[in-house]
Every structure is written in C-alpha cells, then in structure tokens.
Amino acid sequence: MRESSSFFEHLGFHKYIDRDGRVILSLEVKPENITEDSTIPSGLFSSMLDTVIGSTIGETLQVPTSTVNLNMNYVDFSNNGPFSAHASITHKDGKMIVGEGTVLDGEDKVVAKGVGTFKVSARDSDQKG
Amino acid sequence: MEVTKTIGEVRESFESSPFFSHIGFEIVHFEEGNVLLKLPVHEKLYNVNGTLHGGVHATMIDLILGMAIRSTTKTRCTTMNLNINYLAPASGGEIQAKGRILKQGYRIVTAEGELYDQEGNMMAKGIGTFKLIRED
C-alpha cells in the first residue's frame, strides 16, 4: 500500500500521525495553488477533505476505499494558510463507511468541513491517498 | 463598485489562474451559460489506485459550476456548498465537464454539472450553492 498519490504530491500535501493517533494532512500554499485574484481555490479544500477522510479510514480500518459521495461546506477563503485537516469515522455499515473531515487555518479556525461516504474496495490498490 | 466584465474578460480571468494551469484544465468553449471544460488525465492527477483522484473530480465540477455562473452573471462568486456523487473511475484520455444554473437569485445561485469520459459516460455529478460577490 503506497503512502501517497501523485496528486497528493502535486498539490504539496504532507501527511503525518499526531500524538492522538489521528491522520493530519497539512498544506503550505504555493504560488501555483492560488486563483487569479490570489484566493484559495475551493478545489484545494475539496482535495484535502477527500484525502484526509479516505486516509483516516485506511489507517484506522486498514481497508482500501474509493469515494462514493462527498458533501462540503466552505466557510472562509480569506487567508492563505498554512492549512491542516483531520477526519474521523462516523459510521460503518458493511462495505460503506462514512467519515467527516475539517480543514483548519493556522489559527485553528474552521475554513471547510465535509462528510464523505466511502466504499470498501475489493482490491488493495484502490486505497485513497 | 461592482464591475461588469465582458465574456472574454471572464474567460481570461479563469485562464490566468495559476491553479487552473497547475491542474491542467483547458477551456473548449466559453459562451454565456454554455461552457465546456476539458482535462487531459495525466498521471500527476492520480490517486494511489492509478485513477483520477477524487479531489480532481470535485475541483473540476466546482470550476464548471463557477464558470456557468460567472459566464452568465459576469459577477465573481464563491462556493458555499458542493455535493459530488462519484459514478466511475478514470485513467488516461481526457474528461469533459458541463454545467448549468438551476436557480439564480440576487446573491445565491444553485448550479449542477457533470463529468464525462471520451465515450460520453458520466463519471461524476455534482450540485453546488454559490454566493455572488456583490458590493451592495
């Protein structure tokens, strides 16, 4: 099972496990990751949420998953980070797993939240990241 | 004061975004309320499974909804909510996105869009709520 994907590296994400055992995704925003008016594209937060929820499921349950649904609310685009994201598993029913994730700015203020439904994949290579 | 842009200026503002270029998006067609966006699926956009990362689907649908809205209203907007249903994985080739406004209010707009592969199969569908950035 690979630790990260090429898209993960393309955007400059970093992943680590904190003292509580949570998967933390961090991002220092680079010049190529902003919009024409120097704001953060919401797609960057979407990518963080998809990745951190999928990674949390993978690390916790040791199963490969793929995303079925992702529902995101964006709260604040007013600063340029750095950002961090964490997630938790809220429900598991057979092969369907629901998790929720939060993106925080450098002052621990919420900038985006998301809920994702993931399906356990048959193949190990389906692991998110 | 709110600045009204031409359709060409709106298109140019999208294409001048560093993030737009960094992902590799290309505008195929850009008219008022009728925008077609494409994305060559490079390996740099893959997840660990070797298919397109879910964040790319979400980013592309977010973008096509914003384009449908801005090409119509000529007003900047920001995403408030986005809901994506993932229908099929993608690897290689290119994908295209289409979007349309479902309901336009003075400040709040709801739009929907889809991603298609080269054979015309729907790969993802999304609906989003956006806020128009007005000065008054």
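Two strands count as paired if DSSP finds at least two bridges between them, and helices (H or I, at least four residues) and strands (E, at least two) are DSSP runs numbered from the N terminus. Keep that handy for this tour of a predicted model, where local features need pLDDT of at least 70, side-chain atom pairs count only at pLDDT 80 or more, and totals for chains, interfaces and linings use all residues. Residues are numbered from 1 along each chain as its sequence is written, chains are lettered from A in the order in which they are written, and side-chain values use heavy atoms, with hydrogens and water left out.

**Stop 1: where the chains meet**

Select E3(A) (65-74) and strand E3 (residues 77-86) of chain B: five bridges join them, and they run antiparallel. For one rung, click A:Leu70, whose bridge partner in E3(B) is B:Ile84.

Now show both sides of the interface. Here 37 residues of chain A are in contact (heavy atoms within 4.5 Å) with 32 residues of chain B. Together the chains bury about 2800 Å², 50% of it on carbon and sulfur atoms; buried area is the accessible area (1.4 Å probe) that two parts lose on being put together, summed over both. In chain A, pick A:Phe7, A:His10 and A:Glu36, which lose the most area to chain B, together 22% of what that side buries.

**Stop 2: polar links**

How many salt bridges are there between chain A and chain B? The count is two, taking a side-chain nitrogen of Lys or Arg within 4 Å of a carboxyl oxygen of Asp or Glu. Zoom in on B:Arg76 and A:Asp37: this pair forms a salt bridge, with the closest N and O atoms 2.7 Å apart.

Next, color the elements on the side of chain A that touches chain B. Those giving two or more residues are helix H1 (6-11), helix H2 (42-61) and strand E3 (65-74) of chain A. E3(A) gives the most, with eight residues.

**Stop 3: strands within chain B**

Hop over to strand E2 (residues 34-40) and strand E4 (residues 94-104) of chain B, an antiparallel pair with five bridges. There, B:Leu37 stands opposite B:Ala97 in E4(B).

Stay on E4(B) and add strand E5 (residues 108-116) of chain B: eight bridges join these two antiparallel strands. They form a hairpin with three residues between them. Try B:Gln104, whose bridge partner in E5(B) is B:Val109.
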